Structure formats: C-alpha cells, structure tokens
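Notebook open, new structure on the screen. I'll jot things down as I look them up.

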Amino acid sequence: MPLFAAGISHKNAPLALREQLAADEDKVREILRDLVGGGTLREAVILSTCNRVEVYGVADVPGEARAIAFRHLCRQRGVQSASVEGLLYTHAEEEAIRHAFRVAASLDSMMIGEPQILGQVKDAFALAQGCEAVGPALHTLFTQAFAVAKRVRTETEIARHAVSVSFAAVELAKKIFAKLAGRAVLLLGAGKMSELAAKHLVEQGAFPIYVVNRTWARAQELARALSGTAVPFEEMGTALAAVDIVITSTGAPAAIVTRDMVARVVRGRGTRPLFFIDIAVPRDVEPGVDALPGVYRYDIDDLQQVVDANIRERLREAQRAEALVEREVAKFRARLGDVEVIPTIVSLRERLEEIRAGEVRKTLARLPDASPETRDALEALSAGIVNKILHAPITKLRESSRAGAHRSWLALVHELFGLGRRS
Amino acid sequence: MHPHLQNIAIIAYVCAMGLALAHLVQRQALVHRLALLATLVGWIAHTLALVVLAIEIGGPPLGTLPHAVSVVVWVVVLLEMLVERQSGVTVLGAFVMPVVVVLSLRSSVARPATLAPVLGNAWIWIHIALALVGIAAFVLNFAGAIMYLLQERQIRHKRPGRFYHRLPPLQTLDRWTYRTLALGFPFLTTGLILGAVWARTAWGSVFAFDPLAFFSLVAWVIYAGTLAGRAAGGWHGRRAAYFAIIGFAALVVTLGAGLFLPGRHGA
C-alpha cells in the first residue's frame, strides 16, 4: 500500500503562494473526484488551510499521483505548476504516517499546540469521505491520527498555556482567584484588547461588569456588549472599591489609578485580592500599587513576558509530544503490517484446507467400508500435517510484518502456493 | 513483624516523596500515578504495622512518643490522599511527603521508651489523640503555606516559573491554610489542656521538667496568635503563611524535644 503525503506549508512556502493554492470545499470535492474517479489515486484526502495545502493519498505510482494532484490545485488560480513543484515536500510510507500524526497533533503548526488544526484535518477527512475518496488505508491512518492528537493534547501541555496577551491575563486571574465566577470586573477605557480580555472573563462567569470611559456613549455601548453597567468617570473610585479585577486601557497621558487611591480601597477589602491588568501605554496604574498587600498588577510588558514563558513551555512540551508521536508511529506501522499479512494468512489456510478436504474425500471414496474411527483418524492425520506445514510460513510472515519487511515475503508466499494476485 | 512493616512503609514513603517531587518538576502523569501507588503501599504497610504493634502491646500504639508520632504520620498520609483526591491538587504530595518522611524517620530512630507507669488513665489517651489530630492538621497547614508562598512569589515577581501552572490559585491556598489552622487549633488546645490537667494531678505541676510541654506551649501561642490575627485582624496571604511556617517549626522542635530529650513524655 504505497502511502504518501505531499504538499506545501508555512515552513517552506510564502503566504502568497499558499493562498493561491488554497482551495475551497467545492473545488476540493471536484479535484478529489477527478483524482480518485480517474484512477490516479486509489484514496485521497486534501487538506487546505491558510498554513498548508497537502494531499494524502494511496497510489500505485505516488510520484505521478502527486504531480497530477498539484497540477489540479495550481490550475484553479492559474499558478505555474513548475513554481510549486520545486517547493513540494513528499513523505512516503512511515514518513507520511508520522507527518499525518504531527499535523493533526498540531506539532507542525506555526504556533505549536494551536487548537484549530485538528478540526481542519477532521473536516478535510469528512469532505473526502463524502466524495468516497477514503478507503481502508486512509481511514485507518486518519482515525489513528485523531486519536494521537487527542493523546498529545491530554498527556502533554503543548496546548495548555495562554499564548496571547488577553488569555494570559485571564490565566493569571485564575491563578489569583479561587474561581472567576462572581468576580466583579471594572473596565477603565474601552480599548479593543481590554474588551477581548473582558469577554474571556465573562465567559468564565465573571459578573458584574462595570465600564468607565471618558466618552459616555462608548461606555454605554461597551457595557451593552458585555451585559455590564456603564459608570460615570467621576464615580471611578467607588467602582474600584467594589471590584476584584480591573482592566485599564485609556489613552490618558499619566496614571489615573494612583497608589493612594488603591491603598484606600484595599483597607476595606479584607482578604480579597485585587488584580490590575494594565494594557494601556503609557500605563494607567501606578507601578507602586503592587507593593500593597493582596494587590497584583500586570502591565503589557509583564503579560508579554508571561506569554513568552508560556511559549517556551510549549516548546519544551513539544519534545515530549514528539516522543509520543514516535511511539505511536511504530505501533501503527506494526499494526498496518499485520493488517497486510492477515489476508494472505487467511487465504493460505483456505487454500491448504481446500486441498486437504479434497484429498480426504477422494481417499474415502475408495474406502467405502471405512469405520467411523478410520474416517476420524484420516481427518486428524491430514489436518495435523497441514498445520505442521503452515506453522513455519505463518510465523515467518508475522515476524516479517513486525520488522516492516513483509512485502517480499508476501509476494513469495503468493507465488509458491499459487494464491493468485493479492489485492 | 512490626519493625519490618514499619521499614517497608518508610521505604515506600521515601519512594513516594521522590516520585512526588519528580512529578512537580517533570509533570508526567505516569510519575504521579506511581507516587500515588507508593503512597498507598506505604500507608497500607503502615496500617498493618500499627495493627501488629497494637496487638503486641495490647492497646492503642499511643503510649510512647515515637509510636504516637507514627500515628500522626498515618493520619497525615490518609488526609493527604483524601484531600488530593478531592481537590485535584496533584502536587500536594510533593509538599506533604517530605514532612511525612522526616517525621517517620525521627520516630523510627528515637529509642522506644517504656511508658511511665502513671500512664493508664483514659484521659491520657484522649490527650494524645486530640494532640495528634491537631498536629496532622498543622502538617497540611504547613504544606499549604509553602505552596502559597511559592505561588505568590511567582505571581508577584511576574515570573511564572515551573510551578505556576501546577499550584492552585492563591485564594484557594489562603483559604486552605485558614481552614487547616481553624481545624487543628481546637484539637491542639483541648489536647494541651487535658495534658496539663492530667500532669497536675499526676505530678502536681503543669510543666514539671518536661521539654515537650514547654515547646508545645510555644507552638500553641504562635498558632493562637495567627488565628487571632486572621479572625480579628484580617491577616491573610503572606503574613499568615509565614506564621504557619513558624508555628510548624515550633511543633517540629516540640516533637524533636519529646523524642530526643529526657522528660515525662518518654525517651
């Protein structure tokens, strides 16, 4: 089963080329039907995202199949296929398996661990299934790739830590407060990034949300979007006393939340921490506030530092994920080998059983007076001989499949026992 | 029989400690499962050891301080497993097991003393049992305080490091130290009062030549101060955590004094 994966990705091809090759669903369907219907490929899946355009296939002549597939993809936007040919990478057999696993597990992604790719691979697979372009080989490969991706996600932490500033802020809030549900949030200023961070907090159950902004209309608009309450600028101090998390993003030239203001508020708070997320440049919150007990303040640089640390963490985890994928590839290859030798073993048994039964029948026809005991003995004798003869070749086939060297053995067995062409 | 089982338990606890610490750094789910397994094996061996011991001496193994400390360890390990299971804080073992190991080693190297003949009154068992539950709660209190300080340090210094993702939120840890303090304190107090009353009737003096009684009073004063500070003064966070550690240090000195210095508590 000559399996291959070929394509271009963010690793080797510029965005301009990737967007020209990317095909929409209808186009992919059309190409899949051409390729598989026309007999170029026995099975095919086309994965087309903004970061990669890849063809996974099973073909008797993989090189040719690859060329035809990409000629199709190039034709849709009039790209010279020669310009793509040079960039294409091709993985065959074990390499193709590894590639499929790594892509699905988000190890080959631009941002390692990003969650979208698995969904995209699943969609591509479903699309190919819809076109009847998926056969047993790609079916096994992709189902296993999904399982591997799931294992990587749950057993390593490549996807666990925030890699955007707004998510990093939410993650920090989760490490300060026992739970975010019921935490009151104050938005100072109505910047896009603070709105995003507030949205994440609301999704985690933060409530109520107060919005303070110089422009009253904008405060009201944002409050509506977040199901919160707009508060006049003059009442900022009161609002400050009532909340747990403050997100600031005003365009003020100097700090508007001073240490004195916060010190006054902290006294009445008891044990509840107060968390400032200051996304504004210049900063809205005086850096001195984080010397106050129970007050934590992160500005944009601090958050970026957290993001950087998290990315390093992901890369470390990716090493573990790669080892996991490697083990899965080995397992999969062994299973694939078994899948390939089993039909031969079955037909070998059937062939010899056919011969044995025929010969026994012939002999018994010549011995009409044979007692039931004699008949049984004949059956047992012949069955015993067949089993003894079969033992060595079957063991050899299983062993060779585990070693990945079963192809030539399969051919030999077919030839020797006259089993006919294998599928 | 008892020493063998006790040794198996200690070896298992040492393994569990190593694995729990490795899990803290390595974050392999397998390492964590092995740590849990080692803890459980140790605890079962420990349970059997205590049962055998109780049969051998024909009563609860609380009569000498080394035995009593061994029971504390047993209670702590049980609580650790339950709390870890309930709260899902998989790193708890890394903070509790070292304490467990230190206490088990201490109790096993101390000379087992013969019991003072005056011991025998039912009150004395209640005194010991209450004090032990109190100490067990303070081991967890100590572990919570250490975790709090580590986590708070990382968040305050804006350098989320190795343990940032592993440790529970600050507020949870703060509540944890408060609860374990509030739980341990009444037990310790009642245990101490019973001990004092009993000592007075037996020896005519509350602190007669006993280092353990003296140091346990020091620990009690520290914990009482912390509890008062938390309940009335609004103490929390770092300050409360520091006091939890100081209180526990006093407790360790107390047990050390009881195990290694001559006095009424044996040895």
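I started with where the two chains touch: 21 residues of chain A are in contact with 17 residues of chain B. This is a predicted model, so I keep that in mind for everything below.

Next I looked up which parts of chain A do the touching. The elements that each give two or more residues to that side are α8 (165-176), β10 (295-299) and α13 (300-366) of chain A. I also sorted the residues on chain A's side by character, and they come out as ten nonpolar, five polar and six charged.

Then I checked how chain A is divided up. The domain assignment gives domain 1 as 3-155, domain 2 as 165-305 and domain 3 as 322-417. I looked up a distance too: the C-alpha centres of domain 1 and domain 2 of chain A are 45 Å apart.

Last entry, a pair of helices. Two packed helices are described by the angle between their axes and the distance between the axes. For helix α5 (residues 94-104) and helix α7 (residues 136-155) of chain A, I find axes that come within 8 Å and cross at roughly 45 degrees. α5(A) and α7(A) are therefore oblique to each other. Which hand does the crossing of α5(A) and α7(A) have? I noted it as right-handed.

I wanted the residues as well. On α5(A) the contact is made by A:Ile97, A:Ala100, A:Phe101 and A:Ala104, and on α7(A) by A:Leu141, A:Ala145, A:Phe146, A:Val148 and A:Ala149. Sorted by character, the residues of this contact are nine nonpolar, no polar and no charged.

Key:
Residues are numbered from 1 along each chain as its sequence is written. Chains are lettered from A and ligands numbered from 1 in the order in which they are written. This is a predicted model: local features need pLDDT of at least 70, side-chain atom pairs count only at pLDDT 80 or more; totals for chains, interfaces and linings use all residues. Axes are lines fitted to C-alpha atoms, for helices over the stretch in contact, and angles run from 0 to 180 degrees between N-to-C directions. Helices (H or I, at least four residues) and strands (E, at least two) are DSSP runs, numbered from the N terminus. Angles under 35 degrees count as roughly parallel, over 145 as roughly antiparallel, 65 to 115 as roughly perpendicular and the rest as oblique. A crossing is left-handed if the near helix is turned anticlockwise from the far one by less than a right angle, and right-handed if clockwise. Two residues are in contact if their C-beta atoms, placed from the backbone, lie within 7 Å. Ala, Val, Leu, Ile, Met, Phe, Trp, Tyr, Cys and Pro count as nonpolar, Asp, Glu, Lys and Arg as charged, and the others, Gly among them, as polar. Domain bounds come from an automatic or database domain assignment.
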